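Me: I keep meeting words like cavity, domain contact and salt bridge. Could you go through one example with me and show how each label gets earned?

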Amino acid sequence: MPIITYREALNQALREEMQRDDRVFLMGEEVAVYNGAYKVSKGLLEEFGEMRVVDTPITELGFAGVGVGAAMVGLRPVVEFMTWNFALLAIDQIVNAAAKMLYMSGGQYPMPMVFRGPNGAALQLSAQHSQAFESWLAHIPGLKVVTPGTPYDAKGLLKAAIRDDNPVIVLEGEMLYNTKGEVPTEDYIVPIGKADLKREGDHCSIITSGKMVLVAMNAADQLAKEGIRVDVVDLRTVRPMDREAIVASVRKTNRAVVLEEGWELAGIGAQIVDYIQRDCFDDLDAPVIRVHQTDVPMPYAKAIEKAAKPDLAKTIAAVKKVMYLN
Amino acid sequence: MAAKKRTDGKHLPGDAALRRELLHTMLLQRRFEEKVGEAYALGKIGGFCHLYIGQEGVSTGVISMLRPDDYIITTYRDHGQALARGMTPRSIMAELFGRVDGCSRGKGGSMHLFDRNLNFLGGHGIVGGHVPIAAGVGFAIKYRGGDQVIACFMGESVVNTGAFHEALNMAALWKLPCLFIIENNKYGMGTAVERAAAIKDLSRRSDAYDGMHGEYVDGQDVFAVRESMERSLETARRESKPVLLEIRTYRYMGHSMSDAVSGTYRTKAELDEYLKRDPINLLKARMYEAGDLTESDFAAMEQEIKTICQDAWDFADASPEPSIEALHEDVLVDTTS
């Protein structure tokens, strides 16, 4: 099986879906002539032309709305945000328009569209460019939210998102674009709403998604050297959330660490812990521990930026704590 | 570009049948809205409710010029345009009553009337939010190579939002067949337009975009609106270029159901002055003068419309409320296949 980058996987997904369905088009800042700020759309302008690969002005609210309007009358837009931080300007279109159109029209107007782009912190981009939006978006009924952590999942989930008749949010990772993995050449999708058990173990569950999957896998490798066997549950989708997969893992291991990139209060992890306390109350051997970003805006300086982020060391420490090993 | 054209009343445009139809459409909106006000007072209708009384010349003038395959999108003050488009009084009243036979199955209410069969893309509740959506519909028309247009109604306060500018910029840049229609009723809720917009002639906002034509027109004169639409449609449909129309009108009621008609942000004297230019009375007078209509014809029309509105009320009242299962329907399209 070919080994390609996360970036190439997304590019393949876009190309294949645009070849498959001429209602699919891509729009956003720098997606066409510049080949994408992160080169995810490289070569697409050449292949599909400027009507289907559309450079927009820097106007997130406006072009997100253009996507909504096009979806209302039968096209299947893929709206790229250069980063999800900029999508805050478009939140009215995502939350008030895309997520509610089907419901408030009594089922008359489906919204077959995708909003995608990099989410979360990269390196030293400081406060306005380093936010993880999983919990903001997962809060909204009418949306689906996927968070691919590997090239395989990136391609399969983006293809599924484009084929879905609902508005799907795809949260990619700036730091993931160069990561590599096996991706088949034949057509496939990754079903939205299904978690993936990325590593099997029986001592402790790490429940996570998106960029944090890599951190969890590294933690599992390190812990294995000490004889600690970790289950890594990659949610892959945070709305709808695969509650059964969470519960199955925790019932097996009786201990859980919930790892997320965002902040603690009202974070995705809070919902996961709620499912665990409701469904696994009698199965737990220790309180669940959450690993997340420190409750501050992201700083610039290297050392304190590192201190703010959830990482390998914090994850390993959390696993040991729920296992009462420290 | 001023285009405040008035017809002289002696040579009325169109034929007598068309003129009667226009009058009928306007009168239906007026009487329907009066009935809505009554139902609201009795608690049959809840939530926010914005009446269209006084502005009927705008909806009627614009929509009577559109083709069935053209698109319409509007704001939360949407009852008038929905009726002018041909949505049934029954389906609208049932929606206002929150019943299953409503045009949005009781899920939307007054601010969110939709009818897919009539390309009526909804009433939208966030000021300015629907203007980029209209540009998107224009984009889709162009993408598919069609010759439809979209008419996007908005209140005058929209011209101060960022969404308005972003949408008009893209519509001009990409040459989209969009008619941006400002219904200038002089007040954004209780704030007079001159206290909110740093420009007097709102149609001049089009000057900010190369290739976008703008004009203003008297919205109390349905023929003036139609004439302006004829030119605008030529531009949008044939040349695939957006147009900005400022249609000057007045609302005779409060912003919604909870505020006084006059006495706070506007005077009774101002209201009385505008009542003299009631779009329905103006049309009626000219039709009398032209011999299109007698007083007894008009009385018969009133009677017929009264019956239609009462029928809408009775229908809505008899329609069931949505079942509890409906609560969970239409959140997402089922994609389990």
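Reply: Sure, here is a run through the labels, and keep in mind that this is a predicted model.

Me: Let's start with holes. What makes an empty spot count as a cavity?

Reply: The test is that a 1.4 Å probe fits there but cannot get out. Counting those of 30 Å³ or more, you arrive at three cavities. The largest has a volume of about 50 Å³, and the second largest comes to about 40 Å³.

Me: How do you know which residues line the largest cavity?

Reply: A lining residue has an atom within 4 Å of a cavity point. For the largest cavity, the residues that pass include Asn119(A), Glu134(A), Thr147(A), Gly210(A), Lys211(A) and Glu261(A). Strand β7 (residues 168–173) of chain A gives the most to this lining, with three residues.

Me: And what makes the lining of the largest cavity a mix of classes?

Reply: Sorted by class, its residues come out as three nonpolar, four polar and four charged. Gly173(A) and Gly210(A) are among the lining residues, and Gly counts as polar under the rule used here. The lining of the second largest cavity has nine nonpolar, two polar and one charged residues. Among its lining residues are Ala98(A), Leu102(A) and Met111(A), along with Val331(B), Leu332(B) and Val333(B), so both chain A and chain B take part.

Me: Back to the largest cavity: which domains of chain A does its lining draw on?

Reply: At least three residues come from each of domain 1 (3–182) and domain 2 (196–322) of chain A. The C-alpha centres of these two domains lie 26 Å apart. Their contact takes 32 residues from domain 1 and 26 residues from domain 2.

Me: How much area is buried between the two domains of chain A?

Reply: About 2,200 Å², with carbon and sulfur atoms giving 56% of it. On the domain 1 side, Gln124(A), Thr147(A) and Asp153(A) lose the most area to domain 2, together 25% of what that side buries.

Me: Why is the pair Arg236(A) and Asp153(A) called a salt bridge?

Reply: The rule asks for a side-chain nitrogen of Lys or Arg within 4 Å of a carboxyl oxygen of Asp or Glu. In this pair the closest N and O atoms are 3.1 Å apart, so the pair passes. Between domain 1 and domain 2 of chain A the count is two salt bridges.

Me: How many salt bridges are there between chain A and chain B?

Reply: Zero, although the structure holds 54 over all chains. Another one of them joins Arg76(A) and Asp165(A), with the closest N and O atoms 3.0 Å apart. Arg76(A) sits in strand β4 and Asp165(A) in the loop between α7 and β7, so the pair ties together parts 89 residues apart in sequence.

Me: Then how do you know that chain A and chain B touch?

Reply: Contact means heavy atoms within 4.5 Å, and 46 residues of chain A are in contact with 40 residues of chain B. The two chains bury about 3,400 Å² between them, 68% of it on carbon and sulfur atoms. Val73(A), Tyr103(A) and Met104(A) supply 20% of the area that chain A buries against chain B, more than any other three residues.

Terms used:
Residues numbered from 1 in each chain as written. Chains lettered and ligands numbered in written order. Predicted model: local features only at pLDDT ≥ 70, side-chain atom pairs only at ≥ 80, totals over all residues. Heavy atoms only, no water. 1 Å grid on protein atoms, 1.4 Å probe; cavity = no way out; pocket = protein on both sides within 12 Å on 5 of 7 lines; lining within 4 Å. Points joined across faces, edges and corners; volume = space filled by probe spheres on them. Helix = DSSP H or I, 4+ residues; strand = E, 2+ residues; numbered from the N terminus. Domains from an automatic or database assignment. Buried area = accessible area lost by both parts, 1.4 Å probe.
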